[in-house]
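Colleague: Please pick one part of this model and look at it closely. Then connect it to the rest, keeping to the backbone, the burial and the contacts.

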Amino acid sequence: MRGQRGILIALAVLAIAAWCPAALAGEKVAEVKVGSVLSLSGGAANQGIQTKTGAIVAAEEINAKGGIPALGGAKITLIFGDSQSKPDVGASETERIIQRESVPVMMGAYQSAVTTVTTEVAERYKTPWLVTGSVADIITERGFKYTFRPNNKAVYDANEQLQAIKTLTQETGKGPKSIGILVEGSDWGKSHATNLRKLAKDLGYEIVLDEAYSPGTVDFSAQILKIKSRKPEAMVIAMYTPDHIVFTKQSYEGRLDVPFGIHSVGAGSEDPNFYKAVPPESVNYMFVQEDFQIDITEVAPWTQAVDKRFNEMLGYGLTAYGAQGYSAVYTIYDVLQRAGSLDKEKIREAFVKTNITSGPALIMGWQKISFDKDGQNLDAHGCVSQNLKGKRSTIWPVANRGQNIKPVWPIPAWKDR
Amino acid sequence: MDPVILGIAVVNGIVLGGLYGAIAVGLSLIFGVMRVINFAHGSFLMIGLFIPYWLWLLFRIDPYLSMLVTAPALFGLGYLIQATLIAPLYRRERAMVLEPLSVLMLTAGVGLIIDNLTFMAFGPDFRGITLDFASKALWIGDILNINYTRLIAFLSSIAITVALSLFLGRTDLGRAIRSTAQNRDAASLCGINVMRIYNVTFGLGCAVLGVVGCLMIPFYLVSPSIGLAFGVRSFITVVLGGIGSIPGCILGGLILGVVESVAAQFVTATSASIFSFVIFILVLFFRPTGLMGMKV
Amino acid sequence: MGGDGTMASQPAPRNQTPAIVGAIALGILLLLPLAVKDEYYLHVCIGMMYFAYMASAWNIVCGYTGQLSLGHSALCGIGGYISTLLFINAGVSPWIGMLIGGVGATGVGVLVGWPCFRLRGPYFALTTIAFAEILRIWTENTEEFLGIQLRGAQGISVPLRGERPWLFQFDGKAPYYYIILGMLLAVMAVTWWMERSRLGFYLKAIRGDQDAAEALGINSTRYLLSAMALSSFLTALGGSFYAQFFRYINPERNMGLDLSIELALMGIVGGQGTVLGPVLGAFLLTPAGEITRATLGGKFPGLHLVIYGLVLVLAMLFLPRGLIQPIRRLLGRRAAPAEGEADLA
């Protein structure tokens, strides 16, 4: 028929067009490429950029001191991919970096939703992956052989928040009977809520509000009204920076009173950009649980140099995420040094045998980095701080609490401040 | 459910709803006059939010003042888009049967371009400004509070709507616009330059968005991704209120605002918008002219 | 063309060139994975064919009924979610789950289409958006439904099982490539068949003038819904493929307005109401995204969407019938199909 010629020629054109995207040739260079997928744009961009900066600072230090001796002084070259805060983009970027750059090891990706997917890709390609910042429990519960996580699992975070509340209750004799939960609706927030629910019930708290909000929410009037309506005595929230800013501002405007405080499990509340964007009065007395000891520069003076470099690069000092990026690169350095090779299997075995008990990799405040059979560091722990007159001071574990720090408990109502 | 909480939810809904109404007014005008579904409506609002944002960030210009810049800028943008991109489709209409969906897809394309150029330029982050008085609120009793910036936005939205109605009813240009809406060919026979009226109307619809954007930026975060959601919500408001009715727009906005705000107390707050869509569908099926619309 | 200058259609003398060219094109497509071992490149091709498939499935209802559906992503999401949930919760192979998902989507499509087809033009489009958004928002905010984990905005990952063909999972990309190629050829064949069938004939009448067609006794609802059913089923199959290939689905990507607009865009820019149009649209637009991402390294995210928008605007202004038009003209055909003549391109 007449039409046939048309389609078939068009098909031919199409088929030839399909050849056009050029394959990028890879070049082999005598350096160690470390791949890193992070959220460099999108809702979690701040944390991703901080992690990236920490990694860069660590790599700079290592290269300045002569690179990796066991590999003939090879320098570390970081290759970054942007997950755009989206899991499928992260997965795509992981594939691209592994395929095109032939990296022997990777790290990232901060967001649990993204890391869950990227570690699957890495597992398929038998490439070791060092997790940075992601807490979703499932990441080290899948029987994967190539995933290693130095930081907290979500269940540790939830546990630590409740332990802090319990400790303060014991110290003062007063504490909350009910808890409200408001979390962001992706992997991180939801898994935190799941853990909290279980642990809180075990400890006898009543959960009067349990809600997640979809990503991209910019108005919390309805949720804040709900909190006023249900009157939880303590609130636990899990929010990334932009949502946290709006929530904190609106709670401040609305004079939201929660007698035993708002307990934020990090992310937004660990981000210096958050503190710049909200009125100082709005964050007074807020509790923040994070992987990092916020006042570490006072406890471990060697970290001040890193803090200074951070200030030079980002305009603010060391953050939890920056420390994670820094720690990750030093951990990888330790692993490569013991592996003595770029072979992925040897690197994997070196990971398994990791036992770091001193050095820059412990900038987070942990005492040890080692990995159990699921790839989880059992010695990971975080700290809980309270914001006292603009300064965040560690109040839990009690052993980490500074001499003159006295937590405020219960929290004064707005009209009494 | 505590009646006080319910009452507060209703008040919150009214305040936000008035704003939604003002956002939709431009769309109602454009659709009423030109039968164009402007899929880029939300994208124009997004620009209307970015301009005062940047003016404040770079020069510390008060957003209420930057209306003087934003509204004309958006008028110009709307005029330009209508004159250069949409007008040719009208001319073609005389020759062949025009698929009304072509205009819809054209404006969708425009929206895509605007949204993504902005995305490329500014990134996906949500940005806001912090005015000094932005944290203060009007307190009624101990528990009901309305943030001042939102209150200003609400009252101004009503004012804009009234002003627009007066403009359409009392001025020559307004009458010209209305007559073009009623019957294009008759208006043309009366000596009205129909294409110019179209350009002006589109510009006007966008200028309103410029004003609203300046009202919103003190309390609303802007990002390149908000366009589509606002555009869709504006359609719902217009249909609910009735095509071609400016007061209907405000009424539609108020209803949607209150319904969503109250619903958010019972279901997950972020799923409350489902009710808006349900209302939209019901209105389209059972009362397509909307609450106050003229027979189309 | 008839030598006597009439508009009556006359079959052209048989020309062997198209058949040979077509065979070569098909051959290239079939042999591609064997010649090209770069998995990333195959990944891009699979993406292209996936969109070509989805745009073609969309075209079955929208290209031939004249209505614009901007809610097709919901059908995609239904397919993906049903096959994945059945797999995770009941161990049902996604091959079968896919078909069940298709049936589910067909049910939804027909149920929603039935009242919607009463609406005309932009109102129809807006209503499809409304229905799709309701589904998306509900899914995004629902953790669990009737005991089944939906996980809301987090989305669902298809568990990794390795090389298990019966479970629609493969280690390499080549099997996925052939599957989607097969699906694409199938949907093109279905479209071709439908054009020539009674259904296609009636749809053409309805599209031309629905009131007149009904006056002639054509039950327009029945035929519109048939096209809707076919389109829904096929779109859902695509959703299941997506779930199995990317091994992750979530409401925003698979039920969102962005996806619906992209499908409509490709179908319209390529040329709706034709067999090859949507494929052309997808094949030309999809690589833009991948190429910009690969060459600019993510420095300008969103650039490919600017390109899509630009192409759409230009197409609406200058080639409202789609890019397929100039290609047809190039081949010496009339710009538009004549009355009663069946089209291939």
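Modeller: Start at A:Arg255, which takes a positive phi of about 50 degrees just after H8(A). One caution before going on: this is a predicted model. Most residues other than glycine have a negative phi. The arginine therefore deserves a look, together with the helix before it.

Helix H8 of chain A runs over residues 241–253. Its 13 residues reach 18 Å from the first C-alpha to the last, close to the 18 Å expected at 1.5 Å a residue. The helix is mostly covered, with 11 of its 13 residues buried. At its start, the buried residues include A:Thr241, A:Pro242, A:Asp243 and A:His244. Further along, A:Ile245, A:Val246, A:Phe247, A:Thr248 and A:Lys249 are among them. A:Ser251 and A:Glu253 are also on the list.

Chain A has a second helix to set beside this one. H3(A) covers residues 87–101 and has 15 residues. It reaches 20 Å between its end C-alpha atoms, close to the 21 Å expected. Just after it, A:Ser102 takes a positive phi of about 50 degrees. Buried residues of H3(A) include A:Pro87, A:Val89, A:Gly90, A:Ala91 and A:Ser92. A:Glu93, A:Thr94, A:Arg96, A:Ile97 and A:Ile98 are buried too. The cover comes partly from chain A, including strands S1 (32–38), S2 (76–82) and S3 (105–109) and helix H4 (112–124). Chain C contributes as well, with helix H2 (39–65) and strand S4 (248–249).

Two more positive phi values fall in loops. A:Lys231 has phi near 55 degrees, and it is not a glycine. This lysine lies between helix H7 (221–230) and strand S8 (234–239) of chain A. It counts as partly exposed, because it has 13 C-beta neighbours inside 10 Å. In chain B, B:Arg35 has a positive phi of about 55 degrees, again without being a glycine. Its loop joins helix H1 (3–34) and helix H2 (41–59) of chain B. B:Arg35 is partly exposed, with 15 other C-beta atoms within 10 Å.

Chain A also has unusual peptide bonds to check. Most peptide bonds are trans. The bond from A:Trp396 to A:Pro397 is cis, with omega near 0 degrees. The bond from A:Trp409 to A:Pro410 is cis as well, with omega near -5 degrees. A:Pro397 sits in the segment after strand S12 (391–396) of chain A. A:Pro410 is also placed in the segment after S12.

Now chain C. Helix H3 of this chain spans residues 72–90. Its 19 residues should cover 27 Å at 1.5 Å a residue, and its end C-alpha atoms are 27 Å apart, so the two values agree. Of these 19 residues, 16 are buried. C:Gly91 follows the helix with a positive phi of about 65 degrees.

C:Arg151 is a loop residue, between strand S2 (148–149) and strand S3 (156–157) of chain C. It counts as buried because 20 other C-beta atoms lie within 10 Å, and the cut-off for burial is 20 or more. Leaving out residues up to four places away in sequence, it touches C:Glu143 and C:Ile156. C:Thr106 is 45 residues away along the chain, and its C-alpha is separated from that of C:Arg151 by 24 Å.

Last, the side of chain C that meets chain B. Here 33 residues of chain C are in contact with 33 residues of chain B. On the chain C side, H5 (121–141), H11 (257–270) and H13 (303–318) each supply at least two residues. H5(C) gives the largest share, 13 residues. By class, this side has 27 nonpolar, five polar and one charged residues.

H5(C) meets helix H11 (residues 273–286) of chain B. The two axes come within 9 Å and cross at roughly 150 degrees. That makes H11(B) roughly antiparallel to H5(C), because angles over 145 degrees count as such. The crossing is left-handed. From H11(B), the contact includes B:Ser273, B:Ile274, B:Phe277 and B:Leu284. From H5(C), it includes C:Tyr123, C:Thr127, C:Glu133 and C:Trp138. By class, this helix contact has 11 nonpolar, two polar and one charged residues.

Definitions and conventions
Residues are numbered from 1 along each chain as its sequence is written. Chains are lettered from A and ligands numbered from 1 in the order in which they are written. This is a predicted model: local features need pLDDT of at least 70, side-chain atom pairs count only at pLDDT 80 or more; totals for chains, interfaces and linings use all residues. Two residues are in contact if their C-beta atoms, placed from the backbone, lie within 7 Å. Helices (H or I, at least four residues) and strands (E, at least two) are DSSP runs, numbered from the N terminus. Ala, Val, Leu, Ile, Met, Phe, Trp, Tyr, Cys and Pro count as nonpolar, Asp, Glu, Lys and Arg as charged, and the others, Gly among them, as polar. The expected span of a helix is 1.5 Å times one less than its number of residues. A residue is buried if 20 or more other C-beta atoms lie within 10 Å of its own, exposed if 12 or fewer, and partly exposed in between; C-beta atoms are placed from the backbone. Axes are lines fitted to C-alpha atoms, for helices over the stretch in contact, and angles run from 0 to 180 degrees between N-to-C directions. Angles under 35 degrees count as roughly parallel, over 145 as roughly antiparallel, 65 to 115 as roughly perpendicular and the rest as oblique. A crossing is left-handed if the near helix is turned anticlockwise from the far one by less than a right angle, and right-handed if clockwise.
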